[in-house]
Amino acid sequence: MIAGSMVALVTPMDAQGRLDWDSLSKLVDFHLQNGTHAIVAVGTTGESATLDVSEHIEVIRRVVKQVNGRIPVIAGTGANSTREAIELTTNAKTAGADACLLVTPYYNKPTQEGLYQHFKAIAEAVDIPQILYNVPGRTACDMLAETVIRLSSVKNIIGIKEATGDLQRAKAIIDGVDSNFLVISGDDATAVELILLGGKGNISVTANVAPRDMADLCIAALNGEAEKARAIHQKLMPLNKTLFIESNPIPVKWALHEMGLMPDGIRLPLTWLSAECHEPLRQAMRQSGVLV
C-alpha cells in the first residue's frame with residue numbers, strides 16, 4: 001500500500017533551465033538511502049507546468065527505472081485539460097509508474113460536477129491507480145469534501161492529496177470514504193495531525209531536504225505514537241514555514257543547491273530565491289538539523 005513519507009520531488013535543472021539528469025539520479029539515491037516511502041515525480045513541486053510532454057515523461061521513466069520497484073513511484077499527470085491529463089496519465093502508465101497524482105484543473109475553475117466528470121473520465125480512460133490532488137491556494141479551484149467522497153467510489157481512484165491544511169475537511173473526507181481510500185496530507189505544517197486523524201501519509205516538500213526525519217515522523221504518526229511524531233514535527237517546523245518564504249519550489253530548490261545536491265536552476269516564470277531570503281532559510285535549515 002502507498003503510505004508514509006512521499007517526497008514531492010523537485011526537477012533539477014542547470015542555470016539555463018535545462019534538465020540535469022545526473023542530479024536527478026543523485027536525488028533519487030538520496031531518498032532511497034534515507035527512508036522515503038514513495039517518490040512523486042513531476043508533481044507541481046517538480047515544475048510540471050513548465051516541462052513539455054517529452055521532458056515530463058522522460059523524468060518519470062528515469063525515476064521508475066532507477067527506483068526499480070523498491071518504493072512506489074507516483075507520477076504527476078494533472079492538467080486543466082481533461083484530454084491532456086489522459087495523455088499524460090497514459091504515458092505515465094507506459095513509463096511504469098505505480099500510480100498517478102492529478103491536480104485539480106487550474107484557471108478554468110470548473111464546477112463540482114465538472115470536477116467529478118473530469119476525474120471520472122481520466123479514471124475510466126487509463127487503468128492505473130489515481131490519487132486526486134486538491135490545492136486551491138495554487139489552482140483557484142477547490143474540490144469540496146462531498147465531491148471527493150463521490151469520486152472515491154470510482155474505479156482506479158484510490159485516494160486524495162488534501163493540501164488545504166483544513167483538518168476539519170480532512171476528517172470529513174476520512175469519515176465519508178471507505179477505509180481503503182487513502183487520505184494523504186499535502187501540507188507539511190498539518191501533516192502529523194492529519195495522519196493521527198486517520199490519514200495515510202504526507203506528500204511532502206520538506207522531505208526533499210529532510211527525508212529521514214519526515215519518514216520517521218510519518219511512521220510514528222501511522223503507529224499512533226503521537227508524542228514522538230509531534231516532537232519530530234517541532235524539529236521540522238522552521239523548515240515547514242521557511243520553505244514557503246517564496247513560491248514553492250523556489251526555496252526548496254535553493255536549499256538543495258545549498259546542500260550540494262543540485263545546481264541553481266529553475267524555469268521562468270519562477271526565479272531563483274531572492275538574496276534577502278537566503279539567510280532566513282539557511283538558519284531554518286540549521287535549526288532543523290539539515291545544515292550542520
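# Helix packing, pockets and backbone in a predicted model

Me: Is the crossing of α1 and α2 left-handed or right-handed?
Reply: The model is predicted. In it, α1 passes α2, and the hand of that crossing is right-handed.

Me: Which relation does α1 have to α2, oblique or roughly parallel?
Reply: Helix α1 covers residues 21-33, and its axis comes within 10 Å of the axis of α2. The two axes cross at roughly 45 degrees. Angles under 35 degrees would count as roughly parallel. The crossing angle therefore makes α1, relative to α2, oblique.

Me: Which residues of α2 meet α1?
Reply: From α1 come Trp21, Leu24, Ser25, Val28, Asp29 and Leu32. Their partners in α2 are Glu58, Val59, Arg62, Val63, Gln66 and Val67.

Me: How many residues in the contact of α1 with α2 are nonpolar?
Reply: Two residues of this contact are polar and three are charged. The nonpolar count is seven.

Me: What is the relation between α9 and α10, roughly parallel or roughly antiparallel?
Reply: Helix α9 spans residues 211-222, and helix α10 spans residues 226-242. Their axes lie 8 Å apart, at an angle of about 150 degrees. An angle over 145 degrees counts as roughly antiparallel. The pair α9 and α10 is therefore roughly antiparallel.

Me: Which residues of α10 make the contact with α9?
Reply: On the α9 side are Asp213, Met214, Asp216, Leu217, Ala220 and Ala221. On the α10 side are Lys228, Ala229, Ile232, His233, Lys235 and Leu236.

Me: How many charged residues does the contact of α9 with α10 have?
Reply: Seven residues of this contact are nonpolar and one is polar. The charged count is four.

Me: How do α11 and α12 lie, oblique or roughly perpendicular to each other?
Reply: The axes of α11 and α12 are 11 Å apart, at an angle of about 65 degrees. The range from 65 to 115 degrees counts as roughly perpendicular. Helices α11 and α12 are therefore, to each other, roughly perpendicular.

Me: Which residues of α12 meet α11?
Reply: The α11 side supplies Pro251, Trp254, Ala255 and Glu258. Facing them in α12 are His278, Leu281, Arg282 and Met285.

Me: How many residues in the contact of α11 with α12 are nonpolar?
Reply: One residue of this contact is polar and two are charged. The nonpolar number is five.

Me: Which residues lie nearest the centre of the largest pocket?
Reply: The largest pocket has a volume of about 920 Å³. Its lining holds 42 residues. Those nearest the centre are Thr44, Thr45, Tyr133, Arg138 and Asn248.

Me: Which strands each supply at least two residues of the lining of the largest pocket?
Reply: Helices that each give at least two lining residues include α2, α3 and α5. By class, the lining has 20 nonpolar, 14 polar and eight charged residues. Strands that each give at least two are β4 (99-103) and β8 (201-204).

Me: How many polar residues are in the lining of the largest cavity?
Reply: The structure holds one cavity of 30 Å³ or more. Residues lining the largest cavity include Glu162, Asp166, Leu167 and Asp187. By class, the lining has three nonpolar and three charged residues. Its polar count is five.

Me: Which residue is joined to Asn248 by a cis peptide bond?
Reply: Most peptide bonds are trans. The bond after Asn248 is cis, with omega about 10 degrees. The partner sits in the loop between α10 and α11. That residue is Pro249.

Me: What is omega near for the cis bond from Leu268 to Pro269?
Reply: Pro269 is found in the loop between α11 and α12. The peptide bond from Leu268 to Pro269 is cis, and its omega is near 15 degrees.

Me: What value is phi of Asn68 near?
Reply: Most residues other than glycine have a negative phi. Asn68 sits in the loop between α2 and β3. Its phi is positive, near 55 degrees.

Definitions and conventions. Residues numbered from 1 in each chain as written. Predicted model: local features only at pLDDT ≥ 70, side-chain atom pairs only at ≥ 80, totals over all residues. Heavy atoms only, no water. 1 Å grid on protein atoms, 1.4 Å probe; cavity = no way out; pocket = protein on both sides within 12 Å on 5 of 7 lines; lining within 4 Å. Points joined across faces, edges and corners; volume = space filled by probe spheres on them. Helix = DSSP H or I, 4+ residues; strand = E, 2+ residues; numbered from the N terminus. Nonpolar A, V, L, I, M, F, W, Y, C, P; charged D, E, K, R; others polar. Axes fitted to C-alpha atoms, helices over the stretch in contact; angles between N-to-C directions. Left-handed = near helix turned anticlockwise from the far one by under 90°. Contact = heavy atoms within 4.5 Å.
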